Amino acid sequence: MHQVHDTPAELPASPDSASHQLRAVHRAAAELRRGTPVLLQDGLGQSAVVLAAENAGAGGLADLAALAAGPPVLLLTAVRAAALLRRPLEPDAAVALRTTALLDPDLLRGLADPTADQALSGALEAVPPPSVAPAALALAKVARLLPAVLAAPARPGAPALGLLSVTTADVLAYPARAAANLQRVAEAHVPTEDSPDTRVVVFRAGDGGAEHLAILVGRPEDAEPGGRAPLVRVHSECFTGDLLGSLRCDCGPQLRTALRRMAQEGAGAVLYLAQEGRGIGLVNKLRAYALQDRGLDTLDANRALGWEADERSFLVAAAMLEQLRIPRIRLLTNNPDKMAGLLACGIDVVAREALVVPGNGVNDHYLATKARRFGHLLG
């Protein structure tokens, strides 16, 4: 149903080289978030100037036009492009669209964002996508922007004009490299209502990006090799559920229930990953909520925005467990894909333990969708 994204890419031998490549991708993603174009090079002599569609302003569009050697196209995922063209397309493929007035910010936002309520004008034509298309969409996702990118062939000399450049190979290898370069940077004792004997350990990738947390109850890393494996919960952050107590999901109750169960057993670990909204980020999760209010379920809402049903990677969780020296676990989850993802990363998952919390009247349809379309075991 959805992608696990846990097969590591080939990584460079030099840690310094890997850190440099991570920082290059992170800086390029930051430029896209600022509304600034970047240069994407495919390693075969082809390069393109790319600009995120959702925040493209007059300045960024003017820069792109000045650096381009030809007319731009709009790169979209197949799901979003199919909705605009009103015909089915091959799934899992980047699509390039051309129309008049592609340098209009309002038009671009309307093409990128199904929640924008922007009237669209002009005929849309699908054209062959450039070689950088998959990496361009992947870079937008790293930036937690909608996967909708304006791209044009770069004119000679573009790098010499101060345009930040990054290779397609570095962009596509980014998730694996970020996990491989995870660093343990801080630790403190943080007693909580649910688990008084608790430590929080902070991990950061080599590019200086988002931090991931390990919430350790007791001493799960001291479990005897032949004894019972500790409980582990891999929990993606949920601002609305964990902090606000939103009734739309079951995240907050699952987190607190997990901590209480670990406290009762005397040990366990919650890996709290910076992967809001199944990896699409908070802003896009709120957009997905808006689409759900119009009748879509959680899976179709994510895909309507151009994302996969589940964009999370469990490589980071595996790297955290390795550094915590917790090689054997009992995984506290209802999601078989999460178990398969950790097994694929070399973690010895000796058992799955259910973490079912009852519906609240608001999230009943959400829970039913997780069971029916994501395969979660809620019975």
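Let's start with the cavity. The largest cavity holds about 410 Å³ of space. Keep in mind that this is a predicted model. How many cavities of 30 Å³ or more does the count give? The count comes to one.

Who lines the largest cavity? There are 30 lining residues. C251, R278, R312, Y366 and K370 lie nearest the centre. Several elements give two or more residues to this lining. They are strand β11, residues 231-236, and the helices α9 (251-265), α10 (276-279), α11 (282-293), α12 (298-304) and α15 (364-373). By class, the lining has 12 polar residues, nine charged and nine nonpolar.

Stay with R278 for a moment. R278 is in helix α10. Its relative accessible area is 11%, so R278 counts as buried. The backbone of R278 deserves a look too. Most residues other than glycine have a negative phi. R278 is not a glycine, yet its phi is positive, about 55°.

There are other cases of positive phi. R144 has a phi near 60°, and R144 is not a glycine either. R144 sits in the loop between α5 (133-142) and β6 (148-153). Is R144 buried or partly exposed? At 31% relative accessibility, R144 counts as partly exposed. Then there is R86, just after helix α3, with a positive phi of about 60°.

That brings us to α3 itself, residues 78-85. This helix is mostly covered, with six of its eight residues buried. Which ones are buried? A78, R80, A81, A82, L84 and L85. What covers them includes the strands β3 (73-77), β4 (94-98) and β5 (125-127). Helices α4 (105-112) and α12 are also among the covering elements.

Next, the nonpolar cores. The largest one has 59 residues. L139, V234, L271, I329 and L342 touch the most other members. Helix α13, residues 315-324, gives the most to this core, with eight residues. Take L342 as an example. Leaving out residues up to four places away in sequence, L342 touches V234, F314, A317, A318, I329, L331, I347 and V349. Apart from this core lies another, of 35 residues. Its members include L61, A81, L102 and A152. We met A81 a moment ago, among the buried residues of α3.

Now V49. V49 is in strand β2, residues 47-52. How accessible is V49? Its relative accessible area is 0%, so V49 is buried. Not counting residues up to four places away in sequence, V49 touches P37, V38, L39, L64, L67, L150, A151, A152, A154 and L163. One of these, A152, belongs to the core of 35 residues. For a sense of distance, compare V49 with A301. They are 252 residues apart along the chain, and their C-alpha atoms are separated by 29 Å.

P128 is a contrast in accessibility. P128 lies in the loop between β5 and α5. Is P128 buried or exposed? The relative accessible area of P128 is 72%, and exposed means over 50%, so P128 is exposed. P128 and A53 are 75 residues apart in sequence. Their C-alpha atoms are 19 Å apart in space.

Two polar contacts to finish. Begin with R204, in strand β9, residues 198-204. R204 is partly exposed, with a relative accessible area of 32%. Its side chain makes a polar contact with the side chain of E211, at 2.8 Å. Setting aside residues up to four places away in sequence, R204 touches N181, L182, Q183, V185, G209 and E211. A179 is 25 residues from R204 along the chain, and their C-alpha atoms are separated by 9.2 Å.

The other contact involves E221. E221 is in the loop between β10 (211-217) and β11. Which side chain does the side chain of E221 contact? That of R199, in a polar contact at 2.9 Å. Beyond four places in sequence, E221 touches R199, L216, L324, R325 and I326.

Methods
Residues are numbered from 1 along each chain as its sequence is written. This is a predicted model: local features need pLDDT of at least 70, side-chain atom pairs count only at pLDDT 80 or more; totals for chains, interfaces and linings use all residues. Side-chain values use heavy atoms; hydrogens and water are left out. On a 1 Å grid over the protein atoms alone, a cavity is a set of points where a 1.4 Å probe fits but cannot get out, and a pocket is an open set with protein on both sides within 12 Å along at least five of seven lines; lining residues have an atom within 4 Å of a point. Grid points are joined across faces, edges and corners, and a volume is the space filled by probe spheres set on the points. Helices (H or I, at least four residues) and strands (E, at least two) are DSSP runs, numbered from the N terminus. Ala, Val, Leu, Ile, Met, Phe, Trp, Tyr, Cys and Pro count as nonpolar, Asp, Glu, Lys and Arg as charged, and the others, Gly among them, as polar. A nonpolar core is a set of buried Ala, Val, Leu, Ile, Met, Phe, Trp, Tyr and Cys residues joined through side-chain atoms within 4.5 Å. Buried means under 20% relative accessible area, exposed over 50%, partly exposed in between (1.4 Å probe, protein chains only). Contact means heavy atoms within 4.5 Å. A polar contact is a pair of N or O atoms within 3.5 Å; within protein, one must be able to donate a hydrogen and the other to accept it, and residues adjacent in sequence count only if both atoms are side-chain atoms.
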